[in-house]
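Okay, thanks everyone, let's get going. I'll put the structure up first, and then we'll walk through a few parts of it.

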Amino acid sequence: MKQLLQKLPFFKQGKKEKMSFEDQKIILKKVWNYILPYRSSVIAVLVLSVLIVAGSLYVPVLVGKVIDILLPGYIEMAVIKKHLIKILVIVLVTAFLQWLMNAMNNDVTYHIVRDIRRDAFNRLQSVPIAYLDENPAGDLVSRIMTDADQLADGLLLGFTQFFTGVMTIVATLVIMIRLSFPIALVVVVITPLSLYVASYIATHTYALFSQQAKMRGAQTALINETLENEKIVKAFGQEKQIEKRFETMNRELEKISLKALFYSSLTNPCTRFVNSLVYAAVALFGGYAVVNGKMSVGLLAVFLSYSTQYTKPFNEISGVVTELQNAIACAGRIFEVIEKEPEQTDPMQTQTPAALGVQGRVSCRDVNFSYVKDKKLIEHFNVEVMPGQNVAIVGPTGCGKTTVINLLMRFYDVDSGTILVDEKDIRQMPRSGLRRSYGMVLQDTWLRSGTIRDNICFGKPDATPEEVVAAAKAAYADSFIRRLPKGYDTVIGEDGGLLSAGQKQLLCIARVMLSLPPMLILDEATSSIDTRTEMKIQSAFTAMMVGRTTFIVAHRLSTIRNADLILVMKDGNIIEQGNHESLLAAGGFYASLYNAV
Amino acid sequence: MKKLLPYLANYKKECILSPVFKMLEAIFELFVPLVVAAMIDQGIGYHKKGFLFGMSMLLVLLAIVGLGVSITAQYFAAKAAVGFATSLRQKLFSHLQSLSHTEIDAMGASTMITRMTGDITLVQNGVNMVLRLVLRSPFVVFGAMIMAFTIDPWTATVFVAVICGLSAVVFLIMNFNIPMMNDIQKKTDALTQTARENLTGVRVIRAFVKEQEEIARFKGRNEALLTQQEKTGKISALMNPLTYVIVNIGIILLIRSGAVQVDRGALTQGEVIALYNYMSQILVELIKLANLIVTINRALAGAGRVSEALEVKSSMSYPAVTGGSSQSAIPGECVSFSNVSLTYKDGGQPALSEINFTAMMGWTVGIIGGTGCGKSSLVNLIPRFYDTTSGSVRIFGKDVRDYTKNELSALVSVTPQKAVLFAGTIADNLRWGKEDATAAEMQEAVLMAQAGEVVEKKGGLSAVVEPGGKNFSGGQRQRLTVARALVGKKPILILDDSSSALDMVTDKRLREALRTREYPSTTFIVSQRTAAISDADMILVMDNGRIVASGKHEELLATCDLYREIHETQQKGAREVSA
């Protein structure tokens, strides 16, 4: 069977997709590990499908027997009734088993999808941030959701369909051979034609479909680009030009779609045609056999009904094969997530900042870091920050200020050198303890769908309502929250929904205010926030910073001037450090930035 | 769906021919059991081998004709479906292009994109399936029933019962299942949202050490989905066994009543086999039909959404020819607003109220104020992106509503806040500002926009721009969008916060370059920074949709508290501001 399938064009296609048979085997083995816990159900499904095949093939045989005794004048109703009752029982049992199998099969599938999703999601909680930075969120989400579904549909449902199909073919063949060898031969010789026709059409339309996908992709790109920026298109009066481009693409897509759709829709009529040929042949040779007394009329009816059933599983199997290919590709994508190496585990049990007793001294000793091996970023960086000091990070946009945050929070580890908090190497500290010692407010605000209260309590779920209000007040957020329809219980949608950028940032500040750790990482607002809200944020920052070691990505000159230490960044590297006066006196990049204003 | 039917009108012929050929195909198929019955009763009954051969050749002939007929039907169906989708897509795209900013705001880009892509594909599949398969099933089902009646009316009543029973089962299960499917969809969406939120907020989640809680949250929703799927799965798994049982009970009844009829000599053995075959055909068709119902449902939903989008009408119309005339008494007046107010549709609060000002030819007008104070709303009225709710906006003394669309776009060029470039080359993008711009004109604009080094670095004007300009940084894009606006040398230039991504040095050079332009131009600069507008001929200070003060930099510093406040917080060496 395997050799036969490999000869089919479908399998040749699979090879084109750069996935070797070996790779596919490895992936299937991994899928098997997910099936293992449900192996008893899977075995039950397979046993059931054998029984169902047997039952549904036995019914026509019984019908044939009844037909044989339907001779005018010789009819014995009692005998017929006995047969009919037997048929009824078998039909009912088969139907019940069918339901049982379908339901069990669905259950196994859903459970496996759940397990795979759970493992993929859980793994994403411990993979290095670098992996998440490299892979867009949308892509990972589609692996967890869509690929898991496709894997289930193609691999699990497909597998049972495949198994039932093969079983049906084999069983039909066996019964037919037992009933009448010559006629079975006729069926066996003609039927593969239908399989060949189906795969011939599929390979030849494959090229058309990939052309169609390409064309459609190009058109979608134009649609996305235009509609996402419709206002700009209108501002420049480009509607007609774009419509023309769209029309050309649309015409081409029409041509190719028509071909693809038409040729692919030939499969059904063509296989049905082959089917009809088989039927005619069975009718002819069966008829001769009956005339020659080698077969009964009832048996002929059985053969006729088998010959229609026999080709059906072939068509189904050929469909399943393409789906299997797709499912294996999806499985590959999702296993890549599940098998991604997690970050090294923490050396100690989770500890709270109090247990660590963080004072807030931060030292970088000869730190070297880069995201990409051959593209050096931070080199030989040294700095000493005393508890309670303010450090301003300045530089033009895109200079890599987030790199510093990444290293301090241990979202990324340094390549060489050490970062120490209170003279302890942060790699020797549990990540959770280190991260809890920092309060972080980024410009790129992230809020969760839920109530305002949920969001403020994010870091301290057991906070009392009074604590929540106090934190909101300290963050200057209380007044706008109270004006919302349901106050603190207002539900905000994904990504903050109806709130303005400034309000979102105030909520993020309130979130940190509630637990107020000994060290802070802050990001000053740039253009997107109005002056008054910006002032509030500024005041909230100032209040938080008292007595805390603070790293602040600074845009405002007042913040920069007041900082104890200024780190000047350019092109990813820290090029100067010192305070305002010393940097001005040095006359370097900082001085040129300052004097340009 | 009804609203979309006119787009099928061009394919009326195909829409009729395809089902007609499908019907012919079904009829040819329905002849087969009759032929077989004849073979059994006559050929076998009277041992006529020649008759058997002739009849089997007839079967082959029926198959060949059936193939031809069915291929024809498939062709017409494909042609109608694809043609329909193509013209619908074109129509919808043009329609979306015709909408004004108000409707674009209301609909949102992602909705428009889904209508154009996914929804239309759904509709295309729907049309194709209906023409190809859905109409075939009733032909076969009812055809088989009619054939049964021609054979033996009494036994054929079983067919009526079976068809009623099957329809009831399919209908009931669908009725149960569709709401449950919707529930599954909702739970899937919730799970997707959880995953997406987790990934976009990974830094915050890890900073707060909330990984375990996230795992629990995902688990909760994952389990909820599973429970619902299990429940639904048990019901949808009923479909095939139930139809199987009904058809087979039909067969049992058929044989029973067939036996009586045969005994009475009213039916032959071959005819019973024919009836049996008809029953089997019905089962096959119904299973096919049931599998299609989901596709059809989704296509109908898609069609509903597409026709909704087509019904949205532009709220703005342009005169075909220039209307009105200059009502201006002031020579040299360029743009003037009188008593303008603007309330966005569904906006509640007015975005602009009582705006009055006049900008003279050649002026630079600075507009400053906090986010949401109405700066962009104000400049958006000049090229008539929105219509005022009351009051009028005049360019060269004439109401903007009296200009044709082409005239307006020849007068005003804009660099929007969002700096986007479009797929193509840099030159393609620049030509948006002027269709027949020469290389020299483009180069001039590029240099003025301080984008000379950008173009050079990317390899000249013919450098490729990826969709959205993704291969350019924010600052590079911003400079090129300024260049795009400058190419046309139009008399009014609007820079809507167009230097936010530029460093202060480049910003300063850009403004200097703009001042030295040789052609007369009135420039509006929207900014958050006083430095960017301090040398303007007139500065409008906005707050809460109103102009709270206007004048030159020095005057405003002396008279306007808000302006002074903004200015001071942005000055170097300013003292800590405490609220």
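Before I quote a distance between domains, a word on the term: the domain bounds here come from an automatic or database domain assignment. And keep in mind that this is a predicted model.

So, chain B. That assignment splits chain B into domain 1, covering 1-137 + 294-314, domain 2, covering 153-266, and domain 3, covering 333-570. If you take the centres over C-alpha atoms, domain 1 of chain B and domain 2 of chain B sit 25 Å apart.

Now let's go to the sheet in chain B. It's an open one, with four strands in the order β2-β1-β4-β5, and the pairing is antiparallel. Which strands are at the edges? Those are β2 (352-360) and β5 (398-399) of chain B, each with a partner on one side only.

Let's go across it pair by pair. Strand β1 of chain B, residues 333-342, is joined to β2(B) by six bridges, in the antiparallel sense. If you want a spot to click on, V335(B) is opposite A359(B) in β2(B). Then β1(B) and β4(B) have five bridges, again antiparallel, and there you can look at S338(B), which faces S392(B) in β4(B). Last pair: β4 of chain B, residues 390-395, connects to β5(B) through two bridges, also antiparallel. R394(B) has D399(B) in β5(B) as its bridge partner.

Okay, over to chain A, and to helix α3, residues 21-35. This helix of chain A has 15 residues and spans 21 Å from first C-alpha to last, close to the 21 Å you'd expect at 1.5 Å a residue. Which residues of α3(A) are buried? I27(A), V31(A) and Y34(A). They end up on the same side of α3(A) because they cover an arc of only 45° around the axis. The general background, for anyone who wants it: an α-helix has 3.6 residues a turn, so residues three or four places apart point the same way. On the face of α3(A) turned away from that buried side you'll find exposed residues, including the charged-looking trio E22(A), K25(A) and K29(A), along with F21(A), I26(A), W32(A) and N33(A).Finally, how do the two chains meet? On the chain A side, 117 residues are in contact with 127 residues of chain B. Helix α5 of chain A, residues 77-124, gives the largest share of the side that touches chain B, with 23 residues. By type, that side of chain A divides into 66 nonpolar, 31 polar and 20 charged residues.

That's my tour, so over to you.

Note on methods
Residues are numbered from 1 along each chain as its sequence is written. Chains are lettered from A and ligands numbered from 1 in the order in which they are written. This is a predicted model: local features need pLDDT of at least 70, side-chain atom pairs count only at pLDDT 80 or more; totals for chains, interfaces and linings use all residues. Two residues are in contact if their C-beta atoms, placed from the backbone, lie within 7 Å. Ala, Val, Leu, Ile, Met, Phe, Trp, Tyr, Cys and Pro count as nonpolar, Asp, Glu, Lys and Arg as charged, and the others, Gly among them, as polar. Two strands pair if DSSP finds at least two bridges between them. The expected span of a helix is 1.5 Å times one less than its number of residues. A residue is buried if 20 or more other C-beta atoms lie within 10 Å of its own, exposed if 12 or fewer, and partly exposed in between; C-beta atoms are placed from the backbone. The arc is that of the directions from the helix axis to the C-beta atoms.
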